Amino acid sequence: MALKSTVVKAELQISDMDRHYYGTHGLTLAQHPSETDERLMVRVLAFALFADDRLEFGKGLSNDEEPDLWRKDYTGLIEQWIDLGQPDESRIRKACGRANEVIVVNYGGRAADLWWDKNGALLARHRNLTVLDIAPDAVDAITALMVRSMRFSVMIQDGEMQWLTDDQVVAIAPTIRQAGLARAA
């Protein structure tokens, strides 16, 4: 018998002073049985970092042709492609050809460093690629907050996030390994 996904709900109240974006998003996430709690929470973190009314979750683990998150324009062209973890270089190359902007939200500590050591030189040629690292302690801290129904306020200013619950604050400072330039549409 196949295992079923776990449904997790998150309400995010986002105040992004860097992009002048303010909004509340009710997210319903299907956590695949093979998806770790850490990866699910990094998906929520990536949504908060790049929040937009058109940003949506892809099929992720169940479909290699879609990213973890993406934003399309009203004609269906991919404006933003966001993958998590350490995707294969060929997947990133393909995404860079399909989307105006590709973002990899890398997490995993030493595994992230090894992935970058192996792929960094090849990835540097993609001008529309941004690679961000999330520190393992930040991932652990937000994962500790995970429950089936969550509510967070997220404040972003000067590239740093404050992840707030009723009684806790987690500071997250993504590190930029590579800053890409979005291509003109």
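Tutor: Ala, Val, Leu, Ile, Met, Phe, Trp, Tyr, Cys and Pro count as nonpolar, Asp, Glu, Lys and Arg as charged, and the others, Gly among them, as polar. Keep that in mind. The model here is predicted.

Student: How many residues of each class are in the lining of the largest pocket?

Tutor: Sort the lining by class. It has 8 nonpolar, 3 polar and 4 charged residues.

Student: How much space lies in the largest pocket?

Tutor: About 320 Å³. Of its 15 lining residues, Leu49, Phe50, Leu132, Gly159 and Ile176 are the closest to the centre. Two elements, β6 (99–107) and β7 (129–134), each give two or more residues to this lining.

Student: Now the sheet. What is the order of its strands?

Tutor: Read across the sheet, strand by strand. The order is β2-β1-β8-β9-β10. The sheet is open, has 5 strands and shows mixed pairing.

Student: Which are the edge strands?

Tutor: Look for strands that pair on one side only. Here they are β2 (21–31) and β10 (169–172). From one strand to the next, the twist averages 20 degrees.

Student: How many bridges join β8 to β9?

Tutor: There are 5 bridges between β8 (residues 149–157) and β9 (residues 160–164). These two strands run antiparallel. Find Gln157: Glu160 in β9 stands opposite.

Student: Which strands does helix α1 lie across?

Tutor: Check which strands the helix touches, then its direction. Helix α1 (residues 37–49) lies across β1 (6–16), β2, β8, β9 and β10. Its angle to β2 is about 155 degrees.

Student: And which does helix α4 lie across?

Tutor: Helix α4 (residues 136–143) lies across β9 and β10. It runs at about 150 degrees to β10.

Technical notes:
Residues numbered from 1 in each chain as written. Predicted model: local features only at pLDDT ≥ 70, side-chain atom pairs only at ≥ 80, totals over all residues. Heavy atoms only, no water. Pairing = 2+ DSSP bridges. Helix = DSSP H or I, 4+ residues; strand = E, 2+ residues; numbered from the N terminus. Axes fitted to C-alpha atoms, helices over the stretch in contact; angles between N-to-C directions. Contact = heavy atoms within 4.5 Å. 1 Å grid on protein atoms, 1.4 Å probe; cavity = no way out; pocket = protein on both sides within 12 Å on 5 of 7 lines; lining within 4 Å. Points joined across faces, edges and corners; volume = space filled by probe spheres on them.
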